[in-house]
Amino acid sequence: MPNAPHTDDPDAMFAAVFKEALRRRGLPLDLVRDHLQSHGVTLSLATLSYWRSGRSQPEKPQSLRALDILEPFLGLPCGALRSLVRRRPRGWVPPHDPAAVRGVYGENSDVEQVLGDAFQHFDADLRRLVVYETVSVNEHRLVGEFHVTVAVRAVRDNARHLTVIHTLDALNPDEVDFTVPHGPPPSTRYRPELNCVVAEVPLGRRLARNETAVVEYTLRSASTAGISRCHERRLTTPLQSYLLQVRFHPRAVPSTCWHYYRSHIDAKPQSRHPAPLDGFHTTHLLPMKCRPGVYGIEWQWAD
């Protein structure tokens, strides 16, 4: 391969060769996108940018077909790009990437402010696989309780705890109770100015790489100040499954509910659908696919 960039990291080789070929040909990504589209393959500029930066690699059949089209366009031998695509084992998750977290949470988010320098390593040892959460809205129209079950996989040896952060509509540390059903109590701290609760929930044992664990916890708030209008979860990596239930007190039933998805915290909803209540004043969100982004349920009070 002519003038192939040198790197000892096989994950970075594809990005390095792709980037160098673009530079050598003087091709901006929009022309690459248009060339692919003229051959019947549609890829976004974001996807091509991720390939160039090494944030992701081609995996789907259409993406691999795009490589066959791009190799002659970039002046590369047949198979030069395909040969550099690593075959990921089933269940593979990408390494921790603070930039990807910011891509969903936004710059200088509440989470980054809460964690400070530790944000760079936010749950770097674990990946969430499944999240089930039940949110209870009390008679004061406030979210008064979260009950969460999370299945995680260790991506490094010696994973010991899961860091969780919740933002409440009103936070008084004296009125908040964070509990786990088994094991020692979590290390918990509060940032009232950001309405955030941070807890490090211990795992049942130290995990080796690729081992899994289930974490369960409940967060209760006795506050009566303020009013809640939605609950959402920000996902920075894909999940196998996400289920959100919202239960309303019989004396605090909203007039309308919707569930929604948006690609990042500052984006407008890409999808927004009615979420009717059942006979127990409960509604839920169960997306078919859980790609990174923001998932939530919002509701409107009658008065």
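These legends go with a set of close-up views of a predicted model.

**View 1. Two phenylalanines stack in helix α1.** The model has eight aromatic pairs in total. In the one shown here, the rings of Phe14 and Phe18 have centres 6.0 Å apart and planes at 25°, so they count as stacked. Both residues belong to helix α1 (residues 10-25), and because they sit four residues apart, about one helical turn separates them. Phe14 and Phe18 are each buried. Widen the view a little and Trp51 joins in: ring pairs link Phe14, Phe18 and Trp51 into a cluster.

**View 2. Phe178 and Tyr217 stack across two strands.** Here the ring centres are 5.0 Å apart, with 15° between the planes, which makes this pair stacked. Phe178 comes from strand β4 (residues 176-179) and Tyr217 from strand β7 (residues 212-221), so the pair ties together parts that are 39 residues apart in sequence. How buried are the two? Phe178 has 9% relative accessibility, and Tyr217 has 1%; under 20% counts as buried, so both qualify.

**View 3. Tyr217 and the company it keeps.** Setting aside neighbours within four places in sequence, Tyr217 is in contact with a list of residues that includes Phe146, His147, Val148, Val164, His166 and Arg233. Phe178, its stacking partner, is on that list too.

**View 4. The largest nonpolar core, and another one apart from it.** The largest core has 43 residues, and those touching the most other members are Leu126, Phe178, Tyr217, Tyr242, Val246 and Trp299. Strand β2 (residues 143-154) supplies the largest share, six residues. Apart from this core lies another, of 25 residues, with Met13, Phe18, Ile69 and Val85 among them.

**View 5. An open sheet of six strands.** Reading across, the strand order is β4-β7-β2-β1-β9-β12, and the pairing is mixed. Strands β4 and β12 (282-285) are the edges, each pairing on one side only. From one strand to the next, the twist averages 15°. Zoom in on the β12 edge and you find β9 (residues 241-248) running antiparallel to β12, with four bridges joining the two. One residue to look for is Leu244, whose bridge partner in β12 is Leu285.

**View 6. Two arginines over aromatic rings.** Which ring does each arginine pick? The charged end of Arg272 sits over the ring of Trp258, 4.0 Å from its centre. For Arg291, the ring is that of Tyr261, and the charged end lies over it at 4.2 Å from the centre.

Key:
Residues numbered from 1 in each chain as written. Predicted model: local features only at pLDDT ≥ 70, side-chain atom pairs only at ≥ 80, totals over all residues. Heavy atoms only, no water. Phe/Tyr/Trp six-rings, centres within 6.5 Å; stacked < 30°, edge-to-face > 60°. Buried < 20%, exposed > 50% of the residue type's maximum accessible area, 1.4 Å probe, protein only. Lys NZ or Arg CZ within 6 Å of the ring centre and 35° of its normal. Core = buried A, V, L, I, M, F, W, Y, C linked by side-chain atoms within 4.5 Å. Contact = heavy atoms within 4.5 Å. Pairing = 2+ DSSP bridges. Axes fitted to C-alpha atoms, helices over the stretch in contact; angles between N-to-C directions.
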